[in-house]
Number of protein chains: 2
Amino acid sequence: MIKTSKSAWIWFPGDREIWLGNLFNNRRTERGAMFPPFWKQDSHWQTVEFSKQFTLSKPETIRIFAEGAYNFMLDGKLQFGEPKSFIIPEGLHKINIKVHNLSAPPSLLIESEREGSPLETNDTWLVTCEDKIWIDENGQAHGSGIYLQPGCWPGCNQPEVLPSKFSLLETEPRQAVRRSLIDGNARQLLFDFGQETMGYLVLHNAQGSIHIYYGESEAEALDKDHCETLDHLDLYMREKQYVLKDSKAFRFVRVEGEVENVSMLYEYLPHDTSRSGRFECSDPLVNKIWKVGAYTMDLTTREFMMDGIKRDRWTWSGDAIQSYLMNYYLRFDSEAVKRTIRQLRGKDPVTSHINTILDYTFYWFNSLGDYYRFTGDVAFIREMYPRMKTQMDYTLSRLSSEGLAMGQPDDWIFVDWVDFPMHKRGILCFEQILLAKSLETMQLCATLAGDKKRNYGKMATELRKKIDQIFWDASVHAYLHALEPELNRQVTKFPNMFSIFYGYASDERCQEILQHVMLNPEVPAINTPYMRFYELAALGQMGLQEKVLHEIKDYWGGMLLEGATSFWEKYNPNENDNRSDSQIPSSPRAPHLEMYGRPYGKSLCHAWGASPVFLLGRYFLGVRPLQPGYGGADSRQKDIAWEARPCLGGLEWMRGDVPTPYGKIHIEVDAYTLTVSTPQGIGRGIIYYNNVQTEVKPGQTLTLQL
Amino acid sequence: MIKTSKSAWIWFPGDREIWLGNLFNNRRTERGAMFPPFWKQDSHWQTVEFSKQFTLSKPETIRIFAEGAYNFMLDGKLQFGEPKSFIIPEGLHKINIKVHNLSAPPSLLIESEREGSPLETNDTWLVTCEDKIWIDENGQAHGSGIYLQPGCWPGCNQPEVLPSKFSLLETEPRQAVRRSLIDGNARQLLFDFGQETMGYLVLHNAQGSIHIYYGESEAEALDKDHCETLDHLDLYMREKQYVLKDSKAFRFVRVEGEVENVSMLYEYLPHDTSRSGRFECSDPLVNKIWKVGAYTMDLTTREFMMDGIKRDRWTWSGDAIQSYLMNYYLRFDSEAVKRTIRQLRGKDPVTSHINTILDYTFYWFNSLGDYYRFTGDVAFIREMYPRMKTQMDYTLSRLSSEGLAMGQPDDWIFVDWVDFPMHKRGILCFEQILLAKSLETMQLCATLAGDKKRNYGKMATELRKKIDQIFWDASVHAYLHALEPELNRQVTKFPNMFSIFYGYASDERCQEILQHVMLNPEVPAINTPYMRFYELAALGQMGLQEKVLHEIKDYWGGMLLEGATSFWEKYNPNENDNRSDSQIPSSPRAPHLEMYGRPYGKSLCHAWGASPVFLLGRYFLGVRPLQPGYGGADSRQKDIAWEARPCLGGLEWMRGDVPTPYGKIHIEVDAYTLTVSTPQGIGRGIIYYNNVQTEVKPGQTLTLQL
C-alpha cells in the first residue's frame, strides 16, 4: 500500500545528540572501570508534540511509527489509542501527535501512500515541548508553546529501525599483521594490527578465563599492570567467534588464555571519499604526515568528534574546534560538526562553562562562526542562537567588574599543557582575546538570527581596545601574560599567536610579534600539537610557509620516527634524542608514552594531533571561503566568494582537493604550471599566485603557465 | 556467606520520585489515547556518586548491587570493572562508587557479611552528582561537590529486586457482584463490582476482538461513545486468564466479545490498619460518610496522592495538601506525603508554578509546614529547603511592583470551579493570604534548615498589613475580592474563610465574617468538596460543629443518596431535586456525571471529596498537635505537645482514633463519660471538655465522668 517515501525520523532538535552524547561519553573506561565525565549531563524532553497543518486534494492513508507511547489528534480531536495507520480526509487539516519516552528521545516517522505528501515527516513539521526551554536575563521563560523545526539525521529514516537503535557507524573485519608468543607460552599471545585502530576484538575458538591487555604501543600491551585498558572474560562454553561488547583503541593486544586466534571488527564513520579533501606533494615525508593526520581524524571522528580514541573518548570543545577546521579540509562532514556542537552545549540552564573550562566556552562560540563561514548554513545558526545567547549571558555574568574574563572558583582555565612555569590566575590576555572573538561571533549570529537588540559587536570593540591598553607592551613587542591583579610581564606565544590568527594585530604589530615572540628562541616552545595548530596557522597566515613546512616535517615527522601510526596528544621532541633511523618504525618508545603520571597515560591517537591536514589545505593549497559556504548559498552573490593562495613553501610540486558544500576545488602546482578546477554551485573565486590574481568561475578549469 | 543485613537501596534524594512521577503522570488516558501532563517533567541525574568513610576492626566481605553501570574506588584507587564483591581490609577507609543509568535513577545496595556494618547502604552514606543543582539569586551555582543524605524507601531493600522494578502497590482478586446481558446479547455483558474500584481487569476464557467500556456509573459504562476510558483488544488465541496491562478506575464494565467471565485485580497501597485513624458515632449516615471518605482516600493514595482515579490520575498540589491533612487523621502514611511533595516540586530550574498554578505553589509551601507540625520530621524539611528557596525566589521574582502576588501571562489562577461570575484577574485577596502563609512557612523552614539570612517572617508581617489595608472593608465586614487595578468589591467566601482557617482574623473579625459572609445566604455557595474543606474547617475552628455536622450530612449524604460509593470532584445539590429514597443506591444519575462539557467528565472518586475524614478527626474528636510531631521528636520538650477538644456537635456519642507518629490517641465520648487513651512516645496533651481542661500523659488512659 505504502510507496517508498522520503520521510525521516524526527525529534526535538538537539535531544538526540544530548541522549547519544551521554551514551558516548560514558563509554570511557580506565583499567576496566567505568569513568564517566565530571560535568553536567542533560536529558532529553520526555514528552514532545509534533504538529503539521496541511491541505490534501484527496484522502490519503498514512502509517505512523513512533519511538515512545503516543497519541494522535486530528483537527483538535484525540483519536483512540495509538493508531498505526489513519485515513486523512481531503481538505485543510491539522495533526498534533504527542510522544512520550523516558529512555530515549520521543521520535516520530510518518509515511504516506503518496510520495511527496506534506504528511511525510521532515523538517517542514513543527515540534514543541511542555517544558520551558530557557529563561532570559529578565527572568522571562521561553519555550513552552514555541514551535521549532524538528531534528533529523540523514540516513535515520527506516521505520523498522528505531532511532535509538540506529547506528551512525559501520564495521569491517580486520586481521592482525603479526602474531607472537610471549615467553614462548602458547597461552600468552601478542597480536600487532600494524597500526593504531579502534573497534571490537574478536576471539576465535576461545574458552575459559581470558585476559586481554590493549596497547597503543607494544610496551603498553605487554605491561599488564599499567596498560590503560583491559578486559577479563569468563567463557563457560567454547565460542567459535566471540565479539567483545565494547570497542577499544589499540595497535597491540596481549591475550592470555585458551584462544586460537584474534581478529577485530574495525569500526568507523563512513565518508563519501569522492567528496573528500586530499593532499599530495613532492616530499614523501609530508605525504606520509598528511595521510597519518587524515587517519587520525577518521579514527577520532565518530558519532561525535572526540579527543582521543584510547582516552578520554569524550567530546571537548577545545579539541573539537580544531577537528571541525581539519574536517573542512578533509571530509567536510557538516553533520558530524553539528552533532558535536549540539552535544557540547547541552541544555539550559547553563550552570558551568563547556567542559567546565572558560576557554572551551569561547571555542564553542567561535566554532559556530567557523561553521557558518565554511558551510553557509544559516538554519543551524538560527537553531543554536537561543543556546548561544544563554551561554553568553552566563559568561558575561561572570566577568570581572571591569568586564574582563577571569576564572571563577568553579572554572577550569586550561590554555595548554605547558612544560614551563606559567600561572593561570587572574585576568589572562589569552582569555580576553578569545572572549573578543566570541563577542564578534555572537554579533554575526545575532544578525543571522534576526536579534536586533544585541550589541555584542560594540562590546567586542571596547574589549579589544582594553586588551591593547592593558596587555600590549611596545618595549617588548608583545602582549603580556596576565593581570593578577599586578601585571604579569611573562611573554608566551599564546595571546600573541591568537592576535595574529584572529587578525587582531596590525601588519606592523604582526611583524613585531613574529620577530620578538614567534621566532624568538627565548620564548618557551609549545609542546602540544594542540597549540602548535594556532602557532603554525599564525605563521602560515603571515606567509612563512617554508618555516611551517620545516616545523611540520620536524615535529610530526618526529612522531613518525618515534613509530607513530596516528598523531599524539603531546610531543616534546627533546624528550628522546635516540631517534630510530629504521624506515619501518615498530612502536613508540617508553619516554613518549607517559603522561598524567601514568606510564601509558598519553593518548597516541588524538584529534588535535592531526593539524597538518588543516595547515596543508589552508596555507599550502591556500583555499578559504570569503563568503559563507563558498558563496554557494546565495546565487545572487556578486562578491568574490573564495580565494586560493597556493604556496609551495619549498616543495617542488603539490596537488590536492579542498572540499566545499558543493564539490571539490582541485589545485595542482609545480614550477611551470598552476591548474585550478572548480565545481558547479560555488561562487566565483580568486587565485593569487606569483603576484598575479586571476578570477575563476564555478565549473571552470583554469591553467596558468608560470 | 552474607548474613541478613539491613541495607537499603539508596539513590540521589528525590530522583526516584521524579522518575516514578513521570511514569505515574503519563498513565492517564482519555478514550484510549495517552494524555500526558502539560507541565515540566524533570529527569533524574544520570551519574551519581555514593561515598562513605568508615573504620573496620577486622576485614569484611561486602556484596555490591547497583542499578546501572558502576565503578568502585577504595581509598582513591579505582578497582577493575564492576566488582560484585570485595574484601575491605581493616582500618580507616573510604569508598566512592559512581553509578550511571540513563533510564532509571542510579541506585546502590551493599550488603556486608557482618550485620550492623557501617558498609550497609542506608542514610548514613553520602551522595553527590556532577551537575550543578541550583543557582541562587546571586547567580552562584550550588550542588556539584555538595554531599547529601541519599534517598531510600522502606521495603525497597531486596538485592534481587531492582528499585525500578520495586512496586509500592499490591493486588488482590475481586469478583463482580452482578453480571447482566445487554439487550439479551450474550456477547455484550455488563459487570457491576458493587462500588468504585481501581485495578486490572481480568478476562476469563476470552478470544478474538474484545471491546471494554469502563464506567464509574452504569450510564457511563453503557455509553460506548462517551465513556471516558475504554480498551480494545485482539486476542489471537483463547486466553484462560488475560490480565489487562493498564489499571483503570470503574464500578461498571461493559465487555463486548467472546468472554466467559470478567473479574479484576484490585490494586492498592498497603497500610498498617492497626496504626490507622478511625471514627464511629451514633449517626449511621455520618459513619457511612466517614467510611466512604476513607475508601476514597485509600483509592487515591497510591505511589503518590492523586486527584482522581479515573482522571486525571495526576498529582496536583491543591488536591494533595488536602490529602495530606486527611492522611494525618487516617493512615498517617508520611512516606506517601514525602513522595508526593518531592514529586510535585521536581527539580531546578523553576520555570513555572507547581502544576503551572499560582495558588498550587502556595499550597506546596504550606504542605511542608503542615508536614512538620504533624510529624516533627526536621530531616525532610532540611532536604527540601533548597528547593523551597528556589521556588520562593521564582515566586518573589514575579510579584507586582507593590510586592503582591498576581498572575503573570503564563500562570494559571485556579482558586476553585465556581458556578457564579467571578474574575480571576489582577491581584486577588485570596492569593495574598496564601502568599502570607507561604512566607510564614518559609521562615519556619529557614530556621529549621539553619538559614539565618532570610527575612521571610518580616515579609509576611508586612504583607498581612497590606492585605488588611487594601482588602478589608469594615462596612461589609468582609475581605473584598481583588484589585484589578480598581478595587473589585465582590464578596466571596474564599479569602474570608482562609483568614479564619489561618488564624489571620481577630476573634472579633471572625465573628463579623461568620455573620456577614460564611452564614450569609446571599454570598454564593461553594459547590466543590475542594473548597468546602476550608469552609467547614473555618466553621469547625469557630466552634460551629453542629452546623458542620449538618453540612456534612447534607452535602456528603447528598452524594450518597445520589448513589456515590466514593466522593466526587464536584457536587451541586441543586442540580437534581429528585433525590432517590432507596436505601441501596445503585448508581449516580446523569445530571451529576457531566463536567468539562463531557457527559461523564466528572470524577466520581476524587481525593478532595473525602474531607469529612479530616473534619471529623480534627473538629469532632478534636485532636491536633501543638508541638511538632505531637512532641515526640524532642524528649526534653516541656510544653504541652498536643490538644484534644472533643465536640459531639449534636451526636449522642462518638469514638475514634487519631494516629500520631508514635501510635494512636483514642477518644470516646458520650453524655456521661469522656475517655482518652494515649500512646507512649508522644508528649503531654491537654483535654478541653465542658469548660474543664485536664492534662494527659503519654501511655495513660484518662476517664472523666461528666
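User: Which strands make up the open sheet in chain B, and in what order?
Analyst: In this predicted model, the order is 25-26-30-31, so to speak reading across the sheet's 4 strands, and the pairing is mixed.
User: Which ones are the edge strands?
Analyst: Strand 25 (623-625) and strand 31 (692-696) of chain B, each of which pairs on one side only.
User: And how much are neighbouring strands turned against each other?
Analyst: On average by 20°, if you ignore direction.
User: Back to strand 31 of chain B: how does strand 30 join it, and how many bridges are there?
Analyst: Strand 30 (residues 685-689) runs antiparallel to strand 31 in chain B, and 5 bridges join the two. One pair to look at is Ile686(B), whose bridge partner in strand 31 is Glu695(B).
User: Okay, switching to the two chains. How many residues are in contact?
Analyst: 39 residues of chain A are in contact with 39 of chain B.
User: Which strand of chain A gives the most to that side?
Analyst: Strand 5, with 3 residues. Strand 2 (33-34), strand 5 (69-74) and strand 8 (91-100) of chain A each supply at least two.
User: What's the residue mix there?
Analyst: On chain A's side you get 14 nonpolar, 17 polar and 8 charged residues.
User: What turn lays chain A on chain B?
Analyst: A turn of 180° with a shift of 0.0 Å along the axis, giving an RMSD of 0.0 Å. That's the relation of a two-fold axis. The same surface serves both copies, with 100% of chain A's contact residues recurring in chain B.
User: Which residue of chain A comes closest to the rotation axis?
Analyst: Ser103(A), with its C-alpha at 2.4 Å.

Definitions and conventions. Residues are numbered from 1 along each chain as its sequence is written. Chains are lettered from A and ligands numbered from 1 in the order in which they are written. This is a predicted model: local features need pLDDT of at least 70, side-chain atom pairs count only at pLDDT 80 or more; totals for chains, interfaces and linings use all residues. Copies are superposed by least squares on the C-alpha atoms of residues with pLDDT of at least 70 in both. Two residues are in contact if their C-beta atoms, placed from the backbone, lie within 7 Å. Two strands pair if DSSP finds at least two bridges between them. Axes are lines fitted to C-alpha atoms, for helices over the stretch in contact, and angles run from 0 to 180 degrees between N-to-C directions. Ala, Val, Leu, Ile, Met, Phe, Trp, Tyr, Cys and Pro count as nonpolar, Asp, Glu, Lys and Arg as charged, and the others, Gly among them, as polar.
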